[in-house]
Amino acid sequence: MASLEDRQGISQFKNLARFDTLQAYYSIAGRDLEREIVPLLEAEKTGLLVWSPLAGGLLSGRFNRENQKPEGSRRSEFDFPLVDKERAWKILDVIGPIAAAHGCSPARIALAWLLAKPVVTSVIIGAKRLDQLQDNLAAVDLHLTSDEIKQLDEVSALPLEYPGWMLPFQNANRLKVAAPPIPAKP
């Protein structure tokens, strides 16, 4: 299967319409796309249309460590998309106070975080009820502060992969700053 980069090149070579957007899973709880795909989309000036921006409802506000399978939730029966739950609970722990400060749902914060990402052109929402739809749509008007975005980025950051985790480990002892030389007395 050809990559997006290959397909863009083929489109250009054959004078065909270029790909303008990629539809893919992306959420504050599922940032794997940032490893390779997001940099490619940015380089190719291609948009990202996000599906499952609330990680299958996990970020809706109904789920937490104590209530991992709320009754009547689709995700309680079909646990998809795959998410590191412990990491998601930590993310929700940070989302909670930010949502309270804005007087809104955790879902709206999760959507506003996504919409603040320059590569995201739009999101596909899947509300079951009118109040959910209205809450989700209100994320467009919610502007997170740079401090709130920083908090959310930090708690949801992807763990380093090899060799990313190895380099700081290997260099830990090598990076110690040597004491400055003592000047000679005149």
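Is arginine 65 buried, exposed or partly exposed, and what is its relative accessible area? Arginine 65 turns out to be partly exposed, with a relative accessible area of 31%. The model looked at here is a predicted one, and this arginine is a handy place to start reading it.

The side chain of arginine 65 meets that of glutamate 86 in a salt bridge, at 3.3 Å from N to O. Arginine 65 sits in the loop between β2 and α3 (74-77), while glutamate 86 belongs to helix α4 (residues 85-102), so the pair ties together parts that are 21 residues apart in sequence. Glutamate 86 is also partly exposed, its relative accessible area being 40%. There is a third partner to mention: Arg65, Glu86 and Asp93 are linked in a network of salt bridges.

How many salt bridges does the structure hold? The count is 10, and two others can be picked out here. One joins the side chains of arginine 18 and aspartate 20, with 3.5 Å from N to O. Arginine 18 counts as partly exposed because its relative accessibility is 37%, whereas aspartate 20, at 53%, is exposed. The other is formed by arginine 129 and aspartate 131, whose closest N and O atoms are 3.0 Å apart. Both ends of this bridge fall in the middle category: arginine 129 is partly exposed at 46% relative accessibility, and aspartate 131 is partly exposed with a relative accessible area of 43%.

Next comes the sheet. It is an open one with 3 strands, in the order β1-β2-β3, and the pairing is parallel. Its edges are β1 (21-25) and β3 (120-124), each of which pairs on one side only. From one strand to the next, the twist averages 25°. Strands of a sheet, in general, pair through backbone hydrogen bonds, either parallel or antiparallel. Here, β1 and strand β2 (residues 47-51) pair in the parallel sense over 5 bridges, and leucine 22 stands opposite leucine 48 in β2. Helix α5 (residues 106-115) packs on the sheet, where it touches β2 and β3. The direction of α5 makes about 150° with that of β3.

The loop between β2 and α3, already met through arginine 65, has further residues worth a look. Serine 52 has its place in this loop and is buried, with a relative accessible area of 17%. Not counting residues up to four places away in sequence, serine 52 touches Tyr25, Tyr26, Ser27, Pro81 and Ile124. Lysine 69 lies in the loop between β2 and α3 too, but this lysine is exposed, with a relative accessible area of 62%. Between the C-alpha atoms of lysine 69 and leucine 58 there is a separation of 9.6 Å, the two residues being 11 residues apart along the chain.

Which residues of helix α6 are of interest? Leucine 137 is found in this helix, which covers residues 130-137, and asparagine 136 lies in helix α6 as well. Asparagine 136 counts as buried, at 9% relative accessibility. With residues up to four places away in sequence set aside, asparagine 136 touches Leu54, Ala107, Leu111, Ile125 and Ala127. Leucine 137, by contrast, counts as partly exposed, at 49% relative accessibility. Together with Leu130 and Leu133, Leu137 forms a nonpolar patch on the surface. The accessible area of these three leucines comes to about 280 Å² together.

Finally, there is a charged residue to follow into helix α7 (residues 146-156), namely glutamate 148. Is glutamate 148 buried or exposed? Glutamate 148 counts as buried because its relative accessibility is 11%, and the cut-off for that label is under 20%. Leaving aside neighbours within four places in sequence, glutamate 148 is in contact with Ile98 and His102. Leucine 82 is another matter: its C-alpha atom and that of glutamate 148 are separated by 25 Å, with the two positions 66 residues apart along the chain.

Notes
Residues numbered from 1 in each chain as written. Predicted model: local features only at pLDDT ≥ 70, side-chain atom pairs only at ≥ 80, totals over all residues. Heavy atoms only, no water. Patch = residues over 30% accessible without salt bridge, like charges linked within 9 Å, V, L, I, M, F, W, Y side chains within 5 Å. Areas by Shrake-Rupley, 256 points an atom, 1.4 Å probe, with all protein chains shown as cover. Salt bridge = Lys/Arg side-chain N within 4 Å of Asp/Glu carboxyl O. Helix = DSSP H or I, 4+ residues; strand = E, 2+ residues; numbered from the N terminus. Buried < 20%, exposed > 50% of the residue type's maximum accessible area, 1.4 Å probe, protein only. Pairing = 2+ DSSP bridges. Axes fitted to C-alpha atoms, helices over the stretch in contact; angles between N-to-C directions. Contact = heavy atoms within 4.5 Å.
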